Amino acid sequence: MLLMLISRIAILAMLVLALAGAAWAAEVFFIQEDFDGEAGYFYEGAIGDTDFAYNREDAYYEIDAMRSDTGSLSALTDAFENYTISVDMEFYDSIVSDKIYGGLVFHYQEDPSGRASFYLFSIFPDGYYCVWLVNRESRRTYAYPLTETSLINPAGRNSLKVISEGTRFELYLNGMLLDSFRDLSLDKGGVGMFASAGARVRFRAFRWRVREEEYEARMEEAGIFGFVREHELPVVFSDNFTSKRWLEGQSAKARFGYREGRYEIDNTKGDTMAVSYRAEPVAGAGLLSAIITDVEGEEGNGYGIAFRFSLHDKKPSYYAFIVARDGTYRLFKYADGTATPLCGWQEIPFAVDFSRPQLIGVAYVPEAAGTLRIFPGLNGRALEPFVDTVPLEPGGFAMIVAPKLKVTLSEIRLVDFADSEELALETLSALYREENDDAG
């Protein structure tokens, strides 16, 4: 079967930090596409006799292959093994034929020459479904046989879903489990949508959820903090909030608590910073990271992490790295009741998709001169390092949220750089220079 293949690499900010891979069953949204926004993840335009178009007013994506003699797809090429992919689709128009179908592409891969292989979960208006394995665009075989079902709505919407666990797959149609199968031909890949020749198919509510541990393993593969895993520097504290080790209840006007395997700081009614902290363990040099899964409230207000946190006479002192969804960040030091900026609000110098989970990290390393060098990072990308000439004493760490915000976190970790300070300082400085040279 000849195919018209339209692929586009989904915009993925490579989230990279020292995360030592606990096994979690939860999933995070990698792509949520309702086809109603200005920016879109999928291709728009005409290729050959097929048109690919967003209708943002009515919130759908259309593949119009009515005039084409080949099937056509639009795919995202980021590769994962464990995920859930779903979409609502309808056959809006078609020629009269029993060969009309549409569906979901999964485990999409391209060889070095650009030829694609993938699975295709297809439904037919006349009441059948199947899964094809397409091999390098030239050969098509059944991975799951053509099967009749009464669940297909030929004149309206159909909800398709595939749950992938590497080489095992579950197929769902309109909320019902059709069956599961195993195939060893492809073990990972991207996803997309498909329309056969002679069909005009509309898609709505595209969702791609990726298994959380795989998503975060992907974060480790590159970026300014990747050396932590490479050199197996020790994680001295790790919490994915399955046990209760943080503040719960109300403090001032903020509320702290656990919800569905996450930790939530609700400061929407607050008028001061909300802080949840731990005094131990203490790392004089280290890397603190946190995964922010959801933020609600004022876009210009910040949230983040604090390190070298200590209390003296109930008065806190700490450094804070704060990010806001308006695309800015800041670093400050808080001591003796006064916040001293290490930098004011700065523009984040790269694009950030704040609809996805964010990975906030900050490394801090004492220097021979007695100063403290601080390396903030967001989603695996380096921000400008800063130096404090009068450092705070070593201490614990915290999560921090500005007023008018509610923030949900799924992970916080602390890596200790003890006996590796020189390695950390040299590596982080070199990686920051390299990233900025590339950007320039």
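This report describes the overall architecture and selected local features of a predicted model of one protein chain.

## Overall architecture

The protein chain contains three helices and 32 strands. Its C-alpha atoms occupy a box of roughly 80 × 45 × 35 Å along the principal axes. The radius of gyration is 25 Å, which agrees with the value near 22 Å that a compact globule of 440 residues would have.

Of the 440 residues, 54% are buried. Among contacts with a separation of 6 or more, 66% are made by residues 24 or more positions apart.

## Surface and charge

The protein chain exposes about 19100 Å², and carbon and sulfur atoms supply 46% of that area. The chain carries 42 positive and 67 negative charges, and the mean positions of these two sets are 4 Å apart.

## Backbone features

Most residues other than glycine have a negative phi, and most peptide bonds are trans. Several positions in this model depart from that pattern, as set out below.

The peptide bond that joins Glu280 and Pro281 is cis, with omega at about 0°. Pro281 belongs to the loop that runs between strand E21 (274-278) and strand E22 (286-297).

His107 and Ala205 are each residues other than glycine with a positive phi, near 55° for His107 and near 50° for Ala205. Both are placed in strands: His107 in E8 (residues 102-110), and Ala205 in E16 (residues 199-211). Their surroundings can be described by accessibility. His107 has a relative accessible area of 0% and is therefore buried, the limit for that class being under 20%. Ala205, at 26% relative accessibility, counts as partly exposed, because this value falls between the limits of 20% and 50%.

## The position of Pro154

Pro154 is located in the loop between strand E11 (139-148) and strand E12 (158-165). With a relative accessibility of 43%, Pro154 counts as partly exposed.

When neighbours within four places in sequence are left aside, Pro154 is in contact with Phe91 and Pro125. Trp345 stands 191 residues from Pro154 along the chain, and the C-alpha atoms of Pro154 and Trp345 are separated by 54 Å.

Definitions and conventions
Residues numbered from 1 in each chain as written. Predicted model: local features only at pLDDT ≥ 70, side-chain atom pairs only at ≥ 80, totals over all residues. Heavy atoms only, no water. Helix = DSSP H or I, 4+ residues; strand = E, 2+ residues; numbered from the N terminus. Rg over C-alpha atoms; globule rule 2.2 N^0.38 Å. Buried < 20%, exposed > 50% of the residue type's maximum accessible area, 1.4 Å probe, protein only. Contact = heavy atoms within 4.5 Å. Areas by Shrake-Rupley, 256 points an atom, 1.4 Å probe, with all protein chains shown as cover. Lys, Arg positive; Asp, Glu negative; His and termini not counted. Charge placed at Lys NZ, Arg CZ, Asp CG, Glu CD.
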